[in-house]
Amino acid sequence: MSENTAMKLTGEPRTDELRPMTEIQVRQAREFVEGLDSASEPYWDMVNVGDELARELHITPELVILYADGVEDFNPWYEAWRMDEWHVPGESPFGYAIVPPMLLSHFVLSVQFDHTKPFSVGSIHTYHDTHILEPVPVGATVRIHVRAIDKFVRRERRYVRHEVTVTDVATGTCYFRETRDILSR
Amino acid sequence: MHEPETTNPRMRGAPPPGGLLTVDTPIGYELVGVKKRAVIQLMGSRLWGRFNPNHWDPVYAARTGLRAPIQTGEMTSAYIAEMCVNYFGRNFFRNARFHCKYIASTFANDVITTHGVVRDKTPTPTGARLRVEVWATNQSGEKTTVGWVEADVPA
């Protein structure tokens with residue numbers, strides 16, 4: 001496909017429109033989506049201003065590789081796991097393998113959606129204002145704390161705003177602060 | 001990019017440790033970004049979007065009014081951050097700020113390019129704090145993401 005080929009689906013959308021699938025894969029995908037959707041409620045309805053949630057995350061070398069591969073960022077500073085060596089101390093300007101700067105922002109999402117069990121499908125992340133305070137060593141365990149601070153409607157769309165802090169469980173170092181919005185369906 | 005401060009061959013290809021931006025970088029300096037395709041298999045992976053079918057299922061996306069599955073905005077934030085690490089090096093990991101708004105959808109198979117321009121420079125006791133306007137465009141040149149970053153560079 002050429003670079004200028006934007007994806008525009010026409011006619012009735014098909015599960016296998018964007019990737020090859022057999023009948024059994026299509027059926028499994030449809031069942032999975034139905035399962036998600038049937039138990040889901042809008043994010044707006046599930047979250048109240050003042051709600052607070054927190055969860056600890058062990059940032060393993062494998063988790064960092066999973067994240068970095070997903071965005072095709074092959075910076076060796078993030079490698080404390082390699083296919084040919086497995087666990088290594090790694091190397092970066094800080095002396096040890098570090099976590100990509102926006103990895104924590106992605107995992108905040110997971111804690112936010114602890115408001116809604118199961119996951120509130122159809123919601124979209126629209127904004128973040130992120131303070132990257134200190135480098136995070138790969139292998140750290142962090143505490144992600146999220147507080148819903150506002151709900152507002154703008155151009156007939158419903159948003160929930162959150163305030164986030166991420167600290168090291170062992171040392172108390174504050175690595176990261178963020179304000180972020182979710183657009184609810 | 002200049003020679004890395006390491007003898008480890010596994011570090012070849014890494015950004016310069018101190019980055020490319022300095023106190024002498026002029027306002028108006030343009031960063032060379034990174035370019036990525038919104039690959040449906042990555043969009044719908046367990047890490048990124050499997051839990052929300054808007055990110056990978058054409059049928060569900062159509063039901064919610066989207067012409068195709070959309071990539072999660074955090075993937076574009078990661079692309080912009082990759083560009084910033086190339087230019088700020090270690091300085092992007094301490095006392096940095098990234099302000100970002102997703103203004104248009106990134107659809108499956110779109111090609112995203114990140115951009116940046118140094119817009120402001122404020123002296124600090126140890127060097128300067130640079131503000132860089134950042135944004136991402138799709139293959140049609142339309143902006144999908146806009147924002148700015150700030151980080152300190154030493155004298």
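User: In this predicted model, which strand does S3(B) pair with inside chain B, and in what sense?

Analyst: Strand pairing is read by counting bridges and noting the sense in which the strands run. S3(B) pairs with strand S6 (residues 143-154) of chain B over six bridges, in the antiparallel sense. To fix the register, take one pair: Phe98(B) stands opposite Val149(B) in S6(B).

User: Which other strand of chain B pairs with S6(B)?

Analyst: Strand S5 (residues 127-137) of chain B does, through eleven bridges, again antiparallel. Here Ala136(B) faces Thr145(B) of S6(B).

User: What connects S5(B) and S6(B)?

Analyst: For a hairpin, look at the residues between the two strands and at their backbone angles. S5(B) and S6(B) form a hairpin with five residues between them. In that turn, Gly141(B) has a positive phi of about 85 degrees.

User: Which strand of chain B is joined to S4(A)?

Analyst: The same bridge reading applies across chains. S4(A) is joined by six bridges to strand S3 (residues 96-102) of chain B, and the two run antiparallel. His128(A) is placed opposite Cys100(B) in S3(B).

User: How many residues are in contact between chain A and chain B?

Analyst: An interface is read by counting residues on each side, then asking which elements supply them. On chain A there are 50 residues in contact with 57 of chain B. Elements giving two or more residues to the chain A side are helix H1 (23-38), helix H3 (61-70), helix H4 (103-112) and strand S4 (124-132). S4(A) provides the largest share, eight residues. By class, this side has 26 nonpolar, 13 polar and eleven charged residues.

Notes. Residues are numbered from 1 along each chain as its sequence is written. Chains are lettered from A and ligands numbered from 1 in the order in which they are written. This is a predicted model: local features need pLDDT of at least 70, side-chain atom pairs count only at pLDDT 80 or more; totals for chains, interfaces and linings use all residues. Two residues are in contact if their C-beta atoms, placed from the backbone, lie within 7 Å. Helices (H or I, at least four residues) and strands (E, at least two) are DSSP runs, numbered from the N terminus. Ala, Val, Leu, Ile, Met, Phe, Trp, Tyr, Cys and Pro count as nonpolar, Asp, Glu, Lys and Arg as charged, and the others, Gly among them, as polar. Two strands pair if DSSP finds at least two bridges between them.
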